[in-house]
Amino acid sequence: MNTLKRILLLIVLTYSTLCSASNIDIINIQKDTYEGFSKNWAIDFDNKGTAYIGNEAGLLVFDGLSWEILKVMGNKTIRSVFVDGSRVYVGSFEEFGYWERGVNGKFFYTSLSEDLTQKQLRNDMIWKIVANGDDEIIFQAFNTLYRYNKQTVEVQEIGYGIIFLLKAKNQIIAQQTKGNLVSYTNNKFTEIPGSEVLHQSFVRVFLPFGDDAYLIGSAKKGLYIWSPEKGFKEWKCNAQAEILEANINSGSFDGENYYIGTLDKGVFVINKNGDIINRIEIAEGLESNSILDTKCDEYGRLWLALNRGISCVSFNKPIQFITSRKQHFGIVQSVAVFNNDFYVATNQGVYYHSLSSKNINTLKLEDFKPIDQLKGQAWRLKKINDQLFCTHNRGTFEIKGKDAIKVTNTGGGSNIKPITINGEDYLLENTYTSLVTYKEVDGEYKFNKVLRGFFEPSRNMEIDRQNNIWVSHSRRKEIFKVSVDDIDTPLNKVRYGRRNGLPKNFGNKVCKIDERIVFTSPFGLFTYDELRDSIVRYNKMERYLNEYKLANNIIKSGSTDYWFTLPPKAALFRLESDTLRKVFEYTFSNPFSSLDEKHPEIIDLNDSINIFCLENGFAIFNKQAYNNTTQFPIHLKSVLLRTKKGLKTVFPIGDENRFEYANNNIVFEFMSMTSVSAPVDYEYKLEGHNKRWLKANSRNRAYFSNLKWGTYTFKVRGEDAYGKKLLPVNYKFTIRKPYFIKPGFIILSCIICIVFLFIISSLIRKVIKKKRSRLIDKEKNKWDKIHSEEKKEQEEKMVRLKNDLLEKEIQHQSTELANRTIATIKRKEVLNEVRTEIIKQQENLKVSYPEKYMQRIIRMIDRSIEDEDDWTVFRSHFDRAHEDFFKRVKQKYPDLTPKDLRLCAYLKMNLSTKEIAPLMNVSSRSVEVQRYKVRKKLGLDHDENLTEFIILL
């Protein structure tokens with residue numbers, strides 16, 4: 001059972017009243033279910049039966065599938081509701097307007113009061129909404145009417161206060177708060193003559209009464225009849241006295257009965273004669289006796305707006321329970337009506353109740369009286385002609401009034417059936433130990449004898465067309481076929497089991513369908529094949545039974561009906577031309593009134609009434625009432641198209657919608673207003689797509705994806721908790737052909753294909769030509785590449801040779817530079833030594849060798865030492881060996897002087913200070929000073945080596 005059904009079943013089990021004094025069914029719906037506030041003010045319905053309820057939190061909407069709450073600005077209380085076509089008009093405090101579904105299927109609200117001034121609406125509550133003809137809606141406040149002509153709102157000041165604006169037939173009336181009744185015609189109020197009898201009586205109910213009169217209900221004076229021709233008169237009916245004390249607040253009329261809601265005593269159901277035929281109040285299961293509004297739907301149910309929740313009341317329900325938690329009645333085994341007395345056989349004895357002054361529906365278990373002689377386990381009550389037999393643990397008795405006379409001592413009888421043996425008529429009874437016969441003597445059946453040859457305890461017994469007796473063992477559920485040839489000869493007993501076709505040797509029961517012997521088992525339904533004397537599966541009937549093919553008992557009801565029991569459920573099937581059709585089903589879920597799981601029994605009282613034997617009482621099933629119950633229709637709630645952006649609602653749902661091929665993923669949502677009181681089993685099928693009926697999911701949705709183009713019919717069928725078929729819904733729609741199979745597109749596609757093929761062939765030729773050209777080019781490129789590679793290899797080889805030569809030349813230059821530098825160093829060292837020696841000799845030869853000649857020689861030596869040609873040659877060789885060293889160093893360190901650059905060049909050659917001094921014609925100390933200056937200009941740290949730094953430049 002899906003989630004929605006479990007919720008609905010929980011509502012039914014929690015709030016449905018199983019009462020002994022009436023056949024009403026009350027469903028109480030609390031705020032936790034509809035997710036609003038407790039108090040509800042007004043109720044109305046649209047043409048699909050969808051309920052709209054004014055709640056303290058907003059407008060409640062129930063479509064049979066789910067609850068929704070719609071809120072106006074400020075989350076105001078919805079005090080009044082009126083449905084007119086597709087619009088739901090609502091009234092609140094200083095606000096009124098209407099809800100309507102948009103193109104997306106969602107409700108949107110239009111305020112009709114937003115253009116009115118604050119002064120016009122100040123402190124006004126919209127108490128009632130009525131239609132004045134076809135073109136005007138009237139919103140009634142305390143002393144103002146707001147008239148909406150479907151385009152504009154006109155404000156009409158009344159000039160005095162009125163209670164409720166009420167309408168019946170085409171007559172609109174109201175009561176002045178401190179006065180009489182007034183009628184509203186031609187847009188004005190006129191006092192009704194004679195209404196002073198209802199002066200300040202708080203008239204709140206105005207309903208049709210007969211052809212030309214009206215029923216008026218007031219809080220203070222009860223019920224009155226008003227005829228425009230005859231005036232007012234009190235309705236002095238049987239209900240008037242009680243209603244006068246109940247504070248009338250609302251009313252409704254369904255064409256047969258009046259439903260008067262009160263603030264103190266619940267609802268009075270009154271017929272046209274003024275008799276109270278039902279009371280609906282807390283004692284009957286209602287959540288509150290304060291009725292704020294009453295409304296009958298088109299299915300004969302009464303909806304009540306309460307100050308604590310909502311109630312839906314169903315009348316003439318097909319099943320009525322006679323049970324009691326106070327009275328332990330015992331497990332009911334059988335019932336019978338005999339001589340205007342109602343008898344009940346239980347495991348505690350037999351009880352009776354007179355029906356002379358009471359209807360069976362009004363019985364109470366507390367009023368039954370026991371028959372003293374029949375205390376203990378009683379099994380079966382059987383009416384034969386003018387005799388009532390009771391099978392009992394202590395024997396079989398005949399009941400006469402409140403007394404019982406023992407007929408036989410053989411105990412544990414289960415069934416009594418007529419049988420013919422050798423042309424004589426008998427009654428046959430199966431018992432704990434044997435088979436017993438009764439024979440008619442002087443118009444009454446008397447004990448005859450115990451048949452010999454069968455001594456097995458049995459429960460079920462049937463007699464076939466060949467007069468064979470079939471019995472099932474009461475404990476092991478073995479099956480026996482017993483043949484009787486003569487009343488005085490032993491019986492012929494044959495056991496049937498697995499070797500004869502049954503699934504097991506035990507666990508089977510014998511029953512009968514259409515005079516054919518059948519067997520129930522945990523593995524399905526089987527039947528006896530007379531020609532083969534074997535037992536076969538009853539496939540012919542099983543296909544109509546679904547889960548009931550596993551029924552544990554089959555009981556005939558009337559001429560063509562059969563009860564199949566599968567505790568806690570039971571279903572009534574009707575035999576029609578060798579087929580079985582389920583017409584009713586019920587689940588006995590209440591643990592205090594459930595079927596006997598092991599031996600469920602259902603008794604025919606007459607052609608219309610069946611009695612379910614329960615564990616503490618009984619239930620009455622009225623076939624006629626069930627046949628008269630409303631057949632609810634199924635509606636499509638919405639059709640949704642699944643797009644990339646999500647679900648798109650189709651609204652409105654037409655008789656036949658046409659959808660583009662791109663919208664071939666469709667979701668259908670369906671509902672029925674019967675589901676407010678009981679779960680519904682839905683099945684659906686899409687003709688043109690699938691052939692089988694499919695079970696609906698918990699959301700009552702059917703999904704179809706990637707439908708082909710064509711015409712489809714979506715069908716939904718269902719049955720309510722009683723198994724009654726709902727009126728199915730059929731929805732026809734078409735998926736348009738995709739653009740790619742339309743003639744124009746095909747022709748265009750052919751043209752495009754031809755053009756495309758021409759282009760392709762041209763391209764292919766071009767490709768082949770290009771390919772051939774590419775092959776030629778490839779070969780050419782290949783040879784060019786080989787040639788290029790060879791050429792490149794030769795060039796690289798030449799480059800390597802040149803590099804080698806260059807390297808060798810650089811090495812040669814470096815070697816030559818080093819040699820020349822060494823030679824220069826040595827030459828200058830020699831010259832310095834010569835100069836030193838001359839200076840020394842000059843000291844010694846002061847007189848002998850003139851000083852001027854000595855100075856000339858020294859100057860010649862000095863010029864040779866300082867000869868710039870040596871530096872020029874050195875620099876030229878150095879630059880070639882070290883790739884413009886001076887230029888690079890100068891660019892990087894522009895502060896270096898030529899002398900600094902010269903020192904750097906010598907350091908680059910890794911010459912020592914001592915070797916540099918003669919080259920620069922200075923002392924070693926001067927070289928060190930010069931090195932220090934260069935270090936500073938190069939920005940070297942103290943721990944950095946100047947020579948290594950210069951070498952790396």
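# A walk through the predicted model

In helix α11, the residues D900, L901, R902, L903, C904, A905, Y906, L907 and K908 are buried. The structure in view is a predicted model, and this helix, which spans residues 898–908, is a convenient place to start, since nine of its 11 residues are buried and the helix is therefore mostly covered, buried meaning under 20% relative accessible area. Just after α11, the backbone at N910 takes a positive phi of about 65 degrees.

That backbone angle leads to two further asparagines. Most residues other than glycine have a negative phi, and most peptide bonds are trans. N123, although not a glycine, has a positive phi of about 60 degrees, and its place is in the loop between α3 (118–121) and β10 (128–131). With a relative accessible area of 53%, N123 is exposed. N467 is likewise not a glycine and has a positive phi of about 70 degrees, but this residue sits in the loop between β42 and β43, where a relative accessibility of 24% makes it count as partly exposed.

The loop that holds N467, between β42 (458–463) and β43 (469–473), also holds R465, whose partner E530 lies in the loop between β48 (524–529) and β49 (534–537). The side chains of R465 and E530 meet in a salt bridge, with 3.6 Å from N to O, and the pair links distant parts of the chain, the two residues being 65 residues apart. E530 has a relative accessible area of 38% and is therefore partly exposed.

This pair belongs to a wider set of charged contacts, for the structure holds 38 salt bridges. Another of them joins the side chains of K512 and E515, again with 3.6 Å from N to O. The two partners differ in their cover: K512, at 16% relative accessibility, counts as buried, whereas E515, with a relative accessible area of 38%, is partly exposed. In the salt bridge between E576 and R581, the closest N and O atoms are 3.0 Å apart. Here E576 counts as partly exposed at 31% relative accessibility, and R581 counts as partly exposed at 34%. Salt bridges also join into a network, one that links E547, K569, K582, E585, E719 and K725.

From charged side chains the path turns to a pair of prolines and the peptide bond beside one of them. P567 and P568 are joined by a cis peptide bond, with omega about 10 degrees, and P568 is found in the loop between β51 (561–566) and β52 (569–576). Although P591 and P568 are 23 residues apart in sequence, their C-alpha atoms are 9.5 Å apart in space. P591 has its place in the loop between β53 (579–587) and β54 (602–604), and with a relative accessible area of 59% this proline is exposed.

A contrast to that exposed proline is offered by T391, which lies in strand β35 (residues 387–392). T391 has a relative accessible area of 0% and is therefore buried. In this covered setting, the side chain of T391 reaches the backbone oxygen of G413 at 2.7 Å.

The last stop is helix α7, which runs through residues 743–844 and includes R774. Three surface patches can be followed through residues of this helix, beginning with a nonpolar one. I747, I751, V755, F758, I759, L763 and V767 form that nonpolar patch, with about 640 Å² of accessible area together. One of its members, I759, has its place in helix α7 and counts as partly exposed at 39% relative accessibility.

The other two patches carry charge. K766, K770, K771 and R774 form a positive patch on the surface, and R774 counts as partly exposed because its relative accessibility is 48%, in the range between buried (under 20%) and exposed (over 50%). A patch of negative charge, in turn, gathers E789, E790, E793, E795 and E796 on the surface. E796 is found in helix α7, as is R774 of the positive patch, and at 36% relative accessibility E796 counts as partly exposed.

Note on methods:
Residues numbered from 1 in each chain as written. Predicted model: local features only at pLDDT ≥ 70, side-chain atom pairs only at ≥ 80, totals over all residues. Heavy atoms only, no water. Patch = residues over 30% accessible without salt bridge, like charges linked within 9 Å, V, L, I, M, F, W, Y side chains within 5 Å. Areas by Shrake-Rupley, 256 points an atom, 1.4 Å probe, with all protein chains shown as cover. Salt bridge = Lys/Arg side-chain N within 4 Å of Asp/Glu carboxyl O. Lys, Arg positive; Asp, Glu negative; His and termini not counted. Charge placed at Lys NZ, Arg CZ, Asp CG, Glu CD. Helix = DSSP H or I, 4+ residues; strand = E, 2+ residues; numbered from the N terminus. Buried < 20%, exposed > 50% of the residue type's maximum accessible area, 1.4 Å probe, protein only. Polar contact = N/O pair within 3.5 Å; in protein donor to acceptor, adjacent residues only side chain to side chain.
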